[in-house]
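User: I am new to this structure and would like to go through it step by step. Please take my questions one at a time and explain how each answer is reached.

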Amino acid sequence: MIIMTANSELVLNLLKKNYGKEFSKKELADALGISVPAVTGSINGLQKKGHVIVSREETIEVEPATETRKAKTKVVKYHTLTESGLAYDPVAEEAEKLAAKEAAKA
């Protein structure tokens, strides 16, 4: 029984410790020593549950424009924990699910 992945737990705990602060996926990955795709999976799961939101987006110029082509840009999304995310306890959630399952059997 997996309550949540180790990476998701790392992401959630870092966001809880820094409640109210915005992080890009790259900033989270660098702070936790995990890959950006791992952070993306964790953020997506937490967003589905309503525990993380995209708080703002910023367009960053990656390469300047030249005479023959436009500037290359990328959109960086910043994420922050919601109040429900701050209160979220994955262990308690799993215990509730198990209790409901047992009650349904009885």
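User: In which helix does Ala-92 lie?

Analyst: This is a predicted model, and what follows is computed from it. The helix in question covers residues 90–105, a range that takes in Ala-92, and that helix is α5.

User: Is Ala-92 buried, partly exposed or exposed?

Analyst: The relative accessible area of Ala-92 is 29%. A residue is called buried under 20% and exposed over 50%, with partly exposed in between. Ala-92 therefore counts as partly exposed.

User: What distance separates the C-alpha atoms of Ala-92 and Ile-3?

Analyst: Along the chain, Ala-92 and Ile-3 are 89 residues apart. In space, the separation between their C-alpha atoms is 9.6 Å.

User: In what order do the strands of the open sheet stand?

Analyst: The sheet is built from 3 strands with antiparallel pairing. β1 (23–24) and β2 (52–63) each have a single partner strand and stand at the edges, so one side of each is left without a neighbour in the sheet. The bridges agree with this arrangement, since β1 pairs with β3 (residues 72–81) over 2 bridges, while 10 bridges join β2 to β3. The order is β1-β3-β2.

User: Which residue in β3 is the bridge partner of Glu-57?

Analyst: β2 and β3 run antiparallel, and β2 spans residues 52–63, the strand range into which Glu-57 falls. On the other side of the sheet order, Phe-23 is bridged to His-79 of β3. For Glu-57, the bridge partner in β3 is Lys-77.

User: Is Ser-24 buried or exposed?

Analyst: Ser-24 lies in strand β1, and among residues more than four places away in sequence it touches Val-76, Lys-77 and Tyr-78. Its relative accessibility is 6%, and the limit for calling a residue buried is under 20%. Ser-24 therefore counts as buried.

User: Which element supplies the largest share of the lining of the largest pocket?

Analyst: The largest pocket has a volume of about 180 Å³, and its lining includes Ser-24, Lys-25, Ile-60 and Lys-77. By type, the lining residues divide into 4 nonpolar, 2 polar and 4 charged. Both α2 (25–32) and β3 supply at least two residues of this lining, but the largest share, 6 residues, comes from β3.

User: How many residues does the largest nonpolar core have?

Analyst: The residues with the most contacts inside this core are Val-11, Leu-15, Leu-28, Val-39 and Ile-43. Three helices, α1 (6–17), α2 and α3 (36–48), each supply at least two of its residues. Val-11 touches several residues distant in sequence, including Leu-28, Val-39 and Ile-43. The number of residues in this core is 16.

User: Where does Thr-82 lie, and is it buried or exposed?

Analyst: Thr-82 is placed in the loop between β3 and α4 (83–87). Leaving aside residues up to four places away in sequence, Thr-82 touches Tyr-19, Gly-50, His-51, Val-52 and Ile-53. With a relative accessible area of 14%, against a limit of under 20%, Thr-82 in this loop is buried.

Conventions: Residues are numbered from 1 along each chain as its sequence is written. This is a predicted model: local features need pLDDT of at least 70, side-chain atom pairs count only at pLDDT 80 or more; totals for chains, interfaces and linings use all residues. Side-chain values use heavy atoms; hydrogens and water are left out. Two strands pair if DSSP finds at least two bridges between them. Buried means under 20% relative accessible area, exposed over 50%, partly exposed in between (1.4 Å probe, protein chains only). Contact means heavy atoms within 4.5 Å. On a 1 Å grid over the protein atoms alone, a cavity is a set of points where a 1.4 Å probe fits but cannot get out, and a pocket is an open set with protein on both sides within 12 Å along at least five of seven lines; lining residues have an atom within 4 Å of a point. Grid points are joined across faces, edges and corners, and a volume is the space filled by probe spheres set on the points. Ala, Val, Leu, Ile, Met, Phe, Trp, Tyr, Cys and Pro count as nonpolar, Asp, Glu, Lys and Arg as charged, and the others, Gly among them, as polar. A nonpolar core is a set of buried Ala, Val, Leu, Ile, Met, Phe, Trp, Tyr and Cys residues joined through side-chain atoms within 4.5 Å.
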